[in-house]
Amino acid sequence: MSGSYDPTGFRPLTFHDAVPGFRDGRDTPRAYLERCLGVIEAKEPVVRAWVTLNVEGARAAADAATARYREGRPLSPIDGMPIGIKDLILTQDMPTEMGSPLYKGYNPGTDSAAIQALRQAGAVILGKTVTTELGMSHPGPTTNPFHPAHTPGGSSSGSAAVIGAGMVPAAIGTQVVGSIIRPAGFCANHAIKPTYGALNRGERQGFSQSHFGVHAGSQRDMWQVAWEISQRAGGDPGHPGLFGEPLPRPPAKPQRLVLMESEGWKLLDSATLGGFETLLGRLRDAGVEILTRRDSPLIEAFEQAIGRSLEICRDVCGFEQRWTLENLAAKHREGLSDSIYSRLVLAREMTLDDYRAVLLQRELARRAFAAIGGLADGVISLSSVGPAPRADNQAKDSGITHTTGLPAFNAPSSVLGAPAITVPLMAVGGLPVGVQVMGQPHADAPLTGLAAWLAQHVPPVVVA
């Protein structure tokens, strides 16, 4: 395996640092957009991260933002920011095809709540990014921006890849199991999967643990996009939305962190494990205490409670998605991949009592997580079980084929509804590997301070 990523020298595309130039006339949102389009033109033939680009609409939006800056009245800190939107989310000016031929050309002509919020904040909705089929496991055409033979991860494949490729400074993703944090880690993104319900999912509320989140080239851009959405669209119905301030918290050194092993620990390859242990050693050298399941019966109880998170996700999602898949299978069985159809077969075997039992397991995991809240400032783990696998891999877990990478380190935060942030702190074999931190529900803002401290004070680890 050979890639081109080195975290010590990689410089992602950012937006917040361009804004002063917009204000004093040295730069404009339109010129910034044109630079993005130039990168897309150069890299998209290989990366293949976009389903649709609305260049004409984006240029009009960028021109409007340019005029506002000249007049000294930008709408928000993200006014003029080019953003990619995962192709599961409705946009009135572009189709939403959901990675499936069954939705080819589908466009009800409406914007999801988050998209309306972004437009109100002045963001430039540039295009739709590739998703795996219906946001599940069957991959789309996108390649890893650091090595085209490898997957970018999924299901937010395109949203992660456009950041890694430097095409735009931010993109919207979604996660039900591992679809934001894992691909973000594979593509050297900063990304947040907020507390469950913190960002309004609009029409995408059929899953009881799906999340909206943000991929970005910097933590500041990541947080400001999430914040601007939350201030206009709020959270899901019945949820209080994202707590915090307009800017991410300043770097805050943790005193203690809980190391989460979960199902992923036994799946780590030796190079990734060695690199992560080096990083943990650097944390200890900096005075951060690392607690493991051997240090507290509460942590051991937590590890046991999340030990079947992949199966919990599989069964919760299967039962909740069954009737949508039944309708699609009845109309166009040939239009469903074998991967998605296998999920339907598994769901058909579940009874209501099976679903109730798995919800109970999820609730017990959440209680166990709450019980360790007072032990440390957060939880740390990897964002994946290793660097991005080759795109032709056929890895399986819990009866599901995961060609875009195993979500063993991601399922816990989705089960728990807890906020998670990934930081690009490792490279293994020339490919990115993210380091994930997780907090208690609604501790999204403090988690940004912890993540910022990691990014600024822990030297990246490079494993050849």
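This predicted model averages a pLDDT of 97, and 99% of its residues score at least 70.

**Exercise 1. Confidence**

Task: State where in the protein confidence is lowest and where it is highest.

Solution.
- Start at the bottom. Strand E10, residues 396-397, has the lowest confidence, with a mean of 76.
- Go to the top. Strand E2, residues 82-86, reaches 99.
- Keep one caution. Where pLDDT is low, predicted coordinates should not be read in detail.

**Exercise 2. Helices H2 and H3**

Task: Classify the packing of H2 against H3 by angle, then describe the contact.

Solution.
- Take the geometry. H2 covers residues 29-47 and H3 covers residues 55-70. Their axes lie 7 Å apart, at an angle of about 150°.
- Apply the cut-off. Angles over 145 degrees count as roughly antiparallel. H2 and H3 are therefore roughly antiparallel to each other.
- List the contact. H2 supplies Pro29, Arg30, Leu33, Glu34 and Leu37. H3 answers with Val55, Ala58, Arg59, Ala62, Asp63, Ala65, Thr66 and Tyr69.
- Sort by class. This contact has eight nonpolar residues, one polar and four charged.

**Exercise 3. Helices H4 and H7**

Task: Do the same for H4 and H7, from crossing angle to residue classes.

Solution.
- Take the geometry. H4 spans residues 113-120 and H7 spans residues 219-233. Their axes come within 8 Å and cross at roughly 105°.
- Apply the cut-off. The range from 65 to 115 degrees counts as roughly perpendicular. The angle therefore makes H4 roughly perpendicular to H7.
- List the contact. On the H4 side are Ala113, Ala114, Ala117, Leu118 and Gln120. On the H7 side are Val225, Glu228, Ile229, Arg232 and Ala233.
- Sort by class. The H4 contact with H7 has seven nonpolar, one polar and two charged residues.

**Exercise 4. Cavities**

Task: Count the cavities of 30 Å³ or more, then describe the largest and the second largest.

Solution.
- Count. There are three cavities of 30 Å³ or more.
- Size the largest. Its volume is about 210 Å³.
- Find its lining. The largest cavity has 21 lining residues. Nearest its centre are Ser137, Val177, Arg343, His402 and Pro407. Helix H10, residues 309-332, gives the most to this lining, with four residues.
- Sort by class. The largest cavity's lining has eight nonpolar, nine polar and four charged residues.
- Turn to the second largest. Its volume is about 40 Å³. Among the residues lining it are Leu88, Met136, Gln175, Arg204 and Phe207. The classes here are five nonpolar, five polar and one charged.

**Exercise 5. Pockets**

Task: Characterise the largest pocket and the second largest pocket.

Solution.
- Size the largest pocket. It holds about 400 Å³ of space.
- Find its centre. Of its 17 lining residues, Met98, Tyr103, Arg204, Phe207 and Thr324 are the closest.
- Sort by class. The lining of the largest pocket has nine nonpolar, five polar and three charged residues.
- Size the second largest pocket. About 280 Å³ of space lies there.
- Find its centre. The second largest pocket has 16 lining residues. Pro7, Phe10, Pro12, His190 and Pro424 lie nearest the centre.
- Name the main contributor. Strand E12, residues 420-428, gives the largest share of this lining, three residues.
- Sort by class. The second largest pocket's lining divides into ten nonpolar, five polar and one charged.
- Cross-check with Exercise 4. Arg204 and Phe207 line the second largest cavity, and both also line the largest pocket.

Methods:
Residues numbered from 1 in each chain as written. Predicted model: local features only at pLDDT ≥ 70, side-chain atom pairs only at ≥ 80, totals over all residues. Heavy atoms only, no water. Axes fitted to C-alpha atoms, helices over the stretch in contact; angles between N-to-C directions. Helix = DSSP H or I, 4+ residues; strand = E, 2+ residues; numbered from the N terminus. Parallel < 35°, antiparallel > 145°, perpendicular 65-115°, else oblique. Contact = heavy atoms within 4.5 Å. Nonpolar A, V, L, I, M, F, W, Y, C, P; charged D, E, K, R; others polar. 1 Å grid on protein atoms, 1.4 Å probe; cavity = no way out; pocket = protein on both sides within 12 Å on 5 of 7 lines; lining within 4 Å. Points joined across faces, edges and corners; volume = space filled by probe spheres on them. pLDDT = per-residue confidence, 0-100.
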